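Thanks for passing this one along. Below are a few notes to read with the model open beside you.

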Amino acid sequence: MSLARRGLINGALLLVAAVLAWVLWHNKPTAPPPAPPARLAPVRGATITDITIARPGRPIIRLRRDGTSWHLLRPFKARADRFRVEALTDIVAAKPRDHFAIPKGSLTAFGLAPPRAVVSLNHERILVGRRRPFGDLRYILIGHSITLVSAESIHPRRLTTDSFLSTKLLGDRIHPVAFTLPQLSVIRHRGIWQATPTPARVSNDRINAFVDAWRYARALAVTRYHGTPPIGRIVIHYNERGPKKVAARHALVIDILAKQPELVLLRPDQGLEYHFPQEVGQRLLALAAHAGTP
């Protein structure tokens, strides 16, 4: 074989190798995008003790945990419902559906400029954006990326003071020893609850049920006082047991604002109205209404 022919063959082989290398280079499998993190934020819900919520045109909301109890500190002071607050702190454990780096330019398309709400859990800052038009997901900005989570896991319209207020009328440290209603008194004497005047055909079990109804009363809704004048007053004498377990006698005044179509009770010490169904009101205000044969 001549040298010229051998050179042509070698040149052709080099050309084929170059073409194959080019094809393999442009058809190599692309690396898959990084998977979303397993949870929205590394902070653990159980370690969260301080929450701040800011919404455009709304007062700042501040919540703080003391032991196992949550309290609303701003815009006013009140007891907070632990389960409602923990429903918010659970967002840190939400599983992201997708995430991507913050794009250059405006974040208006994601509802993040300005955000619908800014939630700070301890030092973790979460910007809440709008719903995505499909898939029932919401844009969240946390750290240096935008994340998509279930739209119902954090809803800006539910980030209100009323959403976190405790619906329990009496706090856990209140241990009643006497109730004075407009036409009824119920007093604990030597470990036994007694009613004065004693309605006919009312058993001790019924009186105990009346006391328990007050102890565990939970309202359907709690709102700020709207200024309705009271139509009656209830005074509850109670012992308060603090961390040192030292009983201290106190009196709690509760005003009756309405009985129909619902029972509305006001705690003047908190400036809060508690709204109950009418049938619950009957159990809280009277014994005779549900009197039974002993």
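1. Let me begin with a residue that is easy to skip over. At 25% relative accessibility, N122 counts as partly exposed, because that class runs between the 20% limit for buried and the 50% limit for exposed. Please keep in mind that we are looking at a predicted model.

2. The backbone of N122 deserves a look too. Its phi is positive, about 55°, although N122 is not a glycine. You will find N122 in the loop between β6 and β7 (124-131).

3. R190 is a good residue to view next. R190 also is not a glycine and has a positive phi of about 55°. It sits in the loop that runs between β11 (184-189) and β12 (192-196). Is R190 buried or exposed? With 79% relative accessibility, R190 counts as exposed, since the cut-off for that class is over 50%.

4. Two proline peptide bonds should be checked by eye. The bond from R74 to P75 is cis, with omega near 5°, and P75 belongs to the loop between β3 (69-74) and β4 (78-79). A cis peptide bond also joins A113 and P114, where omega is about 0°. P114 is in the loop between β5 (98-101) and β6 (117-121).

5. Now for the interior. Which residues touch the most other members of the largest nonpolar core? They are V186 and W214, in a core of 61 residues. The largest share of this core comes from α4, which supplies 4 residues. As background, nonpolar side chains tend to be buried together in soluble globular proteins.

6. W214 is worth selecting on screen. Leaving aside residues up to four places away in sequence, W214 touches L169, L170, F179, I234, I236, I254, L265 and L284. There is also a second, separate core of 10 residues, and F110, V118, Y139 and I146 are among them.

7. L284 leads us to helix α5. This helix covers residues 278-285, and V280, G281 and L284 are buried in it. These three lie on the same side of α5 because they cover an arc of only 105° around the axis. What do the buried residues of α5 pack against? Their partners are β10 (174-181), α4 (204-215), β16 (262-267) and β17 (272-277).

8. If you have time for one more pass, I would look again at W214 and its contact with L284, then at L284 as one of the buried residues of α5.

How values were computed. Residues numbered from 1 in each chain as written. Predicted model: local features only at pLDDT ≥ 70, side-chain atom pairs only at ≥ 80, totals over all residues. Heavy atoms only, no water. Buried < 20%, exposed > 50% of the residue type's maximum accessible area, 1.4 Å probe, protein only. Helix = DSSP H or I, 4+ residues; strand = E, 2+ residues; numbered from the N terminus. Arc of directions from axis to C-beta. Contact = heavy atoms within 4.5 Å. Core = buried A, V, L, I, M, F, W, Y, C linked by side-chain atoms within 4.5 Å.
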